[in-house]
Number of protein chains: 2
Amino acid sequence: MFLQRTQKFSLSIPESLAESLEEEIIVGRIKSEERLTEEMVAERYGVSRSPVREALRLLERDGLVIREARRGIWVAPLSQKDFDEVYTCRTPLEGLAARQAALSRDDVLKKELRAVQRELEEAQTNGDVRSFFTADVRGSLMIYKLADNRTLRRLLQSLEKQMLRYRFHAYEQNVDMIKLSLEDTTRIFDAILACNGDAAQSLTENLIHQIWQNMRDEVGRSFGN
Amino acid sequence: MFLQRTQKFSLSIPESLAESLEEEIIVGRIKSEERLTEEMVAERYGVSRSPVREALRLLERDGLVIREARRGIWVAPLSQKDFDEVYTCRTPLEGLAARQAALSRDDVLKKELRAVQRELEEAQTNGDVRSFFTADVRGSLMIYKLADNRTLRRLLQSLEKQMLRYRFHAYEQNVDMIKLSLEDTTRIFDAILACNGDAAQSLTENLIHQIWQNMRDEVGRSFGN
DNA sequence: GACATGTACATTGTATACAGTATGGTGTCG
DNA sequence: CGACACCATACTGTATACAATGTACATGTC
């Protein structure tokens with residue numbers, strides 16, 4: 001699916017477990033509020049409970065599951081309130097990333113970003129949704145690299161997974177936002193390549209804010225609040 | 001010992017361990033880049049490695065330690081770059097918290113906030129540094145509660161500990177910022193109590209930005225970059 | 001019939017044993 | 001003398017056994 005399976009050999013068992021579980025939660029094979037018992041997961045993946053526990057801690061860190069001491073772990077529920085929380089936090093952080101990326105002078109990375117930009121245009125003219133999506137994801141990763149801010153990256157990563165759950169839901173509901181995205185994404189990339197921090201930041205914040213509002217009604221309809 | 005205490009206050013062993021280790025790292029009894037082996041920690045606190053591993057995961061989540069797979073765990077180094085990262089991220093997030101707190105209509109909590117405000121003034125006139133500090137901390141917690149945003153809270157918490165390391169260092173170096181703080185803090189609280197989100201946000205961002213700049217030189221002098 | 005109490009079971013939390021891996025030193029060979 | 005391989009050691013990673021705790025159900029009492 002749209003989650004690229006990066007099954008590197010350097011991934012530890014807890015990390016691979018976490019990845020698998022994340023994907024299952026994101027695409028809904030493991031449903032909201034479903035309980036996850038350590039033994040079940042362990043048996044299913046053919047490992048002991050030790051790495052499972054670590055994997056579940058990772059999921060907890062990313063907000064995908066809720067843990068209550070001595071009671072167990074449940075998949076975090078989806079709601080419009082949670083959705084709003086994720087996007088209110090994400091907006092300024094993504095804006096910051098774009099700004100710091102723009103202020104970077106790493107010409108090698110910036111050339112790569114331009115290449116991604118061209119890929120996006122191409123995917124758009126060809127109507128290739130999948131290519132557009134993967135190029136978009138790579139563009140984000142490039143921006144994070146350019147921003148060169150491990151702390152910011154850590155924070156954004158801990159929002160990413162929960163956000164993907166809503167994004168997948170929107171995808172299923174055919175809430176199309178690609179046309180909206182290309183034009184604005186292009187402008188953001190231009191600003192970054194032009195080393196215009198202010199523009200990159202505000203354009204990014206506006207884009208995410210628009211995506212947020214686009215998805216918001218559907219999320220509210222589906223998950224209440 | 002603390003085992004009984006944990007039961008009484010219902011803190012799990014990993015959490016108490018993490019708290020102890022956090023404090024030791026923050027005040028420098030465990031130094032930057034010092035290695036933490038699971039066995040050492042386990043022996044020291046009279047527990048097995050299992051809860052220690054969980055505690056160390058918690059520290060990793062909060063950015064206090066760096067973990068390299070199969071190699072071990074080291075206390076995260078301090079540097080001006082890291083300091084800048086933490087504060088660039090913190091600034092908009094604290095601003096957001098203040099804004100959302102201002103937009104809250106929880107009158108009970110707002111009354112408590114006003115009480116904290118008065119405590120701050122009192123501590124200021126008495127020159128009671130310690131009281132001022134604890135009241136300030138409680139004020140922050142109240143703002144987070146008012147903001148009623150678990151995601152935002154989670155992100156801020158994962159920045160808090162690393163920030164405290166720098167803050168403690170500043171405290172040791174007698175970088176005084178209390179006079180700076182009271183006036184501005186009061187204005188922030190006023191804005192929140194007046195339900196003025198824009199003001200609360202920008203005042204908060206400005207205050208944190210000032211604190212950042214105040215500490216920055218000292219941090220650079222001490223930790224390089 | 002409603003509620004409290006006790007008990008069995010399921011599940012998490014902790015300890016410990018064992019396996020796998022990185023590191024540093026020593027020896028041997030070029 | 002230097003480089004490489006090998007081995008000892010220390011530590012992390014994983015499995016498993018055991019303890020503690022929470023939950024559900026049954027039994028008993030009012």
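In this predicted model, a polar backbone atom of B:Glu38 sits 3.2 Å from a phosphate oxygen of DNA strand D. Two other backbone contacts reach the phosphates of DNA strand D. A backbone N or O atom of A:Ser48 comes to 2.7 Å from a phosphate oxygen, and for a backbone N or O atom of B:Arg70 the figure is 3.1 Å. Elements that give two or more residues to the surface near DNA strand D come from both chains: helix 1 (13-26) and helix 3 (49-61) from chain A, plus strand 1 and helix 4 (49-61) from chain B. Helix 3 of chain A puts in the most, with three residues.

Taken as a whole, the surroundings of DNA strand D comprise 20 residues, and the closest of these are A:Ser48, A:Ser50, A:Arg71, B:Arg49 and B:Arg70. Sorted by type, the residues of this surface come out as nine charged, six nonpolar and five polar. On the DNA side, sugar or phosphate supplies 67% of the strand D atoms within 4 Å of the protein, and bases supply the rest.

Now for the other DNA strand. Around DNA strand C there are 19 residues, with A:Arg49, A:Arg70, B:Ser48, B:Ser50 and B:Arg71 coming nearest. Of the atoms of DNA strand C that come within 4 Å of the protein, 65% are accounted for by sugar and phosphate. The residues of this surface split into nine charged, six nonpolar and four polar.

Polar contacts to DNA strand C involve several parts of the nucleotide. At a base, an N or O atom in the side chain of A:Arg49 is 2.8 Å from a nitrogen. At the backbone of the DNA, a polar side-chain atom of A:Arg35 lies 3.2 Å from a sugar or linking oxygen, while a polar backbone atom of B:Ser48 is 2.7 Å from a phosphate oxygen. The elements with two or more residues in the surface near DNA strand C are strand 1 and helix 3 of chain A, along with helix 2 (13-26) and helix 4 of chain B. Helix 4 of chain B provides the largest share, three residues.

The small sheets deserve a look next. Chain B has an open sheet of three strands in the order 1-3-2, paired antiparallel. Strand 1 (35-36) and strand 2 (65-68) of chain B are the edge strands, each pairing on one side only. Two bridges hold strand 1 of chain B against strand 3 in the antiparallel sense, and here B:Arg35 has B:Trp74 as its bridge partner in strand 3. Strand 2 of chain B pairs with strand 3 (residues 72-75), also antiparallel, over four bridges. Along that pairing, B:Arg67 faces B:Ile73 and B:Glu68 faces B:Gly72.

Strands 2 and 3 of chain B make a hairpin with three residues between them, and B:Arg70 in the turn has a positive phi of about 65 degrees. B:Arg70 is also the residue whose backbone N or O atom lies 3.1 Å from a phosphate oxygen of DNA strand D, which places a contact to the DNA in the turn of this hairpin.

Chain A has its own open sheet of three strands, with order 1-3-2 and antiparallel pairing. Its edge strands are strand 1 (35-36) and strand 2 (65-68), each pairing on one side only. Strand 2 of chain A runs antiparallel to strand 3 (residues 72-75) and is joined to it by four bridges. One of the residue pairs in this arrangement is A:Glu68 opposite A:Gly72.

Elsewhere in chain A, helix 7 (residues 150-172) has 23 residues and spans 33 Å from first C-alpha to last, close to the 33 Å expected for that many residues. Even so, the helix bends by about 35 degrees at A:Glu160. A:Asn149 caps the N-terminal end, with a side-chain oxygen 3.2 Å from the backbone nitrogen of A:Thr151. Following the helix is A:Asn174, with a positive phi near 60 degrees.

Finally, the aromatic rings. Over all chains, the whole structure holds ten aromatic pairs. A:Phe83 and A:Tyr87 form one that is tilted, at 4.9 Å centre to centre with 45 degrees between the planes. These two residues are separated by about one helical turn because they are four residues apart in helix 4 (residues 80-103) of chain A. An α-helix has 3.6 residues a turn, so residues three or four places apart point the same way.

How values were computed: Residues are numbered from 1 along each chain as its sequence is written. Chains are lettered from A and ligands numbered from 1 in the order in which they are written. This is a predicted model: local features need pLDDT of at least 70, side-chain atom pairs count only at pLDDT 80 or more; totals for chains, interfaces and linings use all residues. Side-chain values use heavy atoms; hydrogens and water are left out. The expected span of a helix is 1.5 Å times one less than its number of residues. The bend at a residue is the angle between axes fitted to the seven residues ending there and the seven starting there. A polar contact is a pair of N or O atoms within 3.5 Å; within protein, one must be able to donate a hydrogen and the other to accept it, and residues adjacent in sequence count only if both atoms are side-chain atoms. Two strands pair if DSSP finds at least two bridges between them. A residue is near a molecule or strand if one of its heavy atoms lies within 4 Å of it. Ala, Val, Leu, Ile, Met, Phe, Trp, Tyr, Cys and Pro count as nonpolar, Asp, Glu, Lys and Arg as charged, and the others, Gly among them, as polar. Rings of Phe, Tyr and Trp (its six-membered ring) pair if their centres lie within 6.5 Å; planes under 30 degrees apart count as stacked, over 60 as edge-to-face and the rest as tilted.
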